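Student: I am new to this structure and would like a close look at a single part of it. Could you pick one pairing between strands, stay with it for a while, and then show me what else belongs to the picture?

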Amino acid sequence: MTKYRKDFRKIAEKLTLSDLQSGLSEEKITLDSLIEGGRIKQESGLFLDLFSACGIDNVLRVFGIKDALAARGLKDICVRIDTSDPYIHKLFIYFDKKKDCDHCICELVMKKSYFQVKQRFPGHFPSRPLNFLHIEWLLLQNPTRSFTDDKPPLPGQNYPGLGLGDMLVELLILLGRRLRFEGISNKPAYFHTAFMFTRDCFFLNPEYQGLIFSARRKLLRNFSFYTVAWASYFECIYLKDSKEKFVWQPDWIILPLSKELIKYFRSWEYRFTVKRAERKFDFEIDRKRLKELMHKKGLPIREDLTVD
């Protein structure tokens with residue numbers, strides 16, 4: 001649980017539908033314009049069928065995100081939503097009231113997803129289709145800042161991050177619960193993002209959860225997060241016993257919201273399988289190869305990668 005959870009819940013309880021859909025003209029919010037066959041039309045123009053652009057701006061204000069951005073020198077925030085694809089909705093947040101790539105500080109792509117697991121997992125994972133809010137893509141960045149020796153780039157970064165990850169997680173939890181999703185899902189594209197997600201989320205497959213725990217314990221004990229991130233990107237991590245190269249394969253990670261899913265991830269069967277997998281994996285980094293590749297890409301080397 002982050003430090004924002006209790007306060008955010010109190011704020012969310014006071015928000016009305018008109019707060020979330022403010023800025024829409026009266027014509028646009030008639031029942032005929034929003035409802036068809038008892039359901040919200042796909043082309044309603046609302047992000048996730050709930051938020052107008054002004055409504056998202058209200059959310060950023062009341063939850064203190066605008067203040068946090070201003071403290072980072074990012075002011076005159078504006079929002080753009082793209083619902084041209086009725087199944088995949090996009091949210092963009094800009095600063096200086098300039099809606100271009102150079103001023104984009106957030107890009108969030110989401111969709112509603114029905115997911116049914118075909119693979120058998122230990123314990124009692126639901127066999128029925130599950131209703132997830134799926135994160136297709138998430139970018140948080142501060143284009144006004146440059147990387148430094150203390151904060152060098154991680155794979156996939158063009159600019160430093162915003163440092164607002166905890167606030168975003170709490171907002172996503174509130175959003176998922178308000179829309180009655182059973183969980184929030186993602187497939188981390190990078191090994192290091194999987195590390196960050198597993199503080200609040202769980203891999204559907206307990207073998208992957210054990211793998212991450214093992215890597216966290218055995219790699220981060222000897223190397224920095226930065227070095228491990230680039231070692232994975234350059235495929236310089238290998239399994240110690242077999243000498244087999246470790247290549248990250250994105251897999252489902254879930255932030256459970258329903259009691260049924262929370263029960264599964266807390267179950268003895270799931271936790272036992274995680275522990276067993278954690279003992280099975282042991283990793284090492286090919287330091288010589290990593291050093292060569294980081295030099296070639298012009299990346300700073302922050303620790304001794306000399307081979308004994």
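Tutor: Let's begin with Cys 78, which stands opposite Tyr 94 in strand E4. Please keep in mind that this is a predicted model. Cys 78 belongs to strand E3, residues 78–82, and this strand pairs with E4 in the antiparallel sense over five bridges. How many residues make up the hairpin that joins E3 to E4? The hairpin runs through six residues.

Now follow E4 itself, which covers residues 89–94. Is this strand mostly covered or mostly open? It is mostly covered, since five of its six residues are buried. E4 also has a partner in strand E5, residues 104–115: six bridges join the two, and they run antiparallel. One place to find this pairing on your screen is His 89, whose bridge partner in E5 is Met 110. So E4 pairs with E3 over five bridges and with E5 over six. As a general point, side chains in a regular strand alternate between the two faces of the sheet.

There is a side-chain detail here too. The charged end of Arg 80 sits over the ring of Phe 92, 4.2 Å from the ring centre. A similar kind of arrangement can be found with Arg 302, whose charged end sits over the ring of Tyr 226 at 5.8 Å from its centre.

Next, look at a residue that reaches Lys 112. The side chain of Asp 49 is joined to that of Lys 112 by a polar contact of 3.0 Å. Asp 49 is found in the loop between strand E2 (39–40) and helix H4 (53–62). Why does Asp 49 count as buried? Its relative accessible area is 11%, and buried means under 20%. For a sense of distance, Asp 49 and His 103 are 54 residues apart in sequence and 26 Å apart in space, C-alpha to C-alpha.

Let's move on to the aromatic rings. The count comes to 24 aromatic pairs. One of them is formed by Phe 191 and Trp 248, a tilted pair with 5.4 Å centre to centre and 50° between the planes. Phe 191 lies in helix H7 (residues 191–197) and Trp 248 in the loop between strands E9 (237–239) and E10 (253–256), so the pair ties together parts that are 57 residues apart in sequence. Phe 191 and Trp 248 are both buried. Another pair, Trp 230 with Tyr 233, is edge-to-face, at 5.1 Å centre to centre with 80° between the planes. Trp 230 and Tyr 233 are about one helical turn apart, because they lie three residues from each other in helix H9 (residues 225–233). Trp 230 is buried at 4% relative accessible area, while Tyr 233 counts as partly exposed at 40%. Ring pairs also link a cluster whose members include Phe 191, Phe 195, Trp 248 and Phe 283.

Finally, step back to the whole protein chain. It has twelve helices and eleven strands. Its radius of gyration is 21 Å, close to the 19 Å that the globule rule gives for 308 residues, so the chain is as compact as a globular protein of that length. Buried residues make up 47% of the 308 residues. Among contacts with a separation of 6 or more, 67% are between residues 24 or more positions apart.

Key: Residues are numbered from 1 along each chain as its sequence is written. This is a predicted model: local features need pLDDT of at least 70, side-chain atom pairs count only at pLDDT 80 or more; totals for chains, interfaces and linings use all residues. Side-chain values use heavy atoms; hydrogens and water are left out. Helices (H or I, at least four residues) and strands (E, at least two) are DSSP runs, numbered from the N terminus. Buried means under 20% relative accessible area, exposed over 50%, partly exposed in between (1.4 Å probe, protein chains only). A polar contact is a pair of N or O atoms within 3.5 Å; within protein, one must be able to donate a hydrogen and the other to accept it, and residues adjacent in sequence count only if both atoms are side-chain atoms. Two strands pair if DSSP finds at least two bridges between them. Rings of Phe, Tyr and Trp (its six-membered ring) pair if their centres lie within 6.5 Å; planes under 30 degrees apart count as stacked, over 60 as edge-to-face and the rest as tilted. A charge sits over a ring if NZ of Lys or CZ of Arg is within 6 Å of the ring centre and within 35 degrees of the ring normal. The radius of gyration is taken over C-alpha atoms; the globule rule is 2.2 Å times the number of residues to the power 0.38. Contact means heavy atoms within 4.5 Å.
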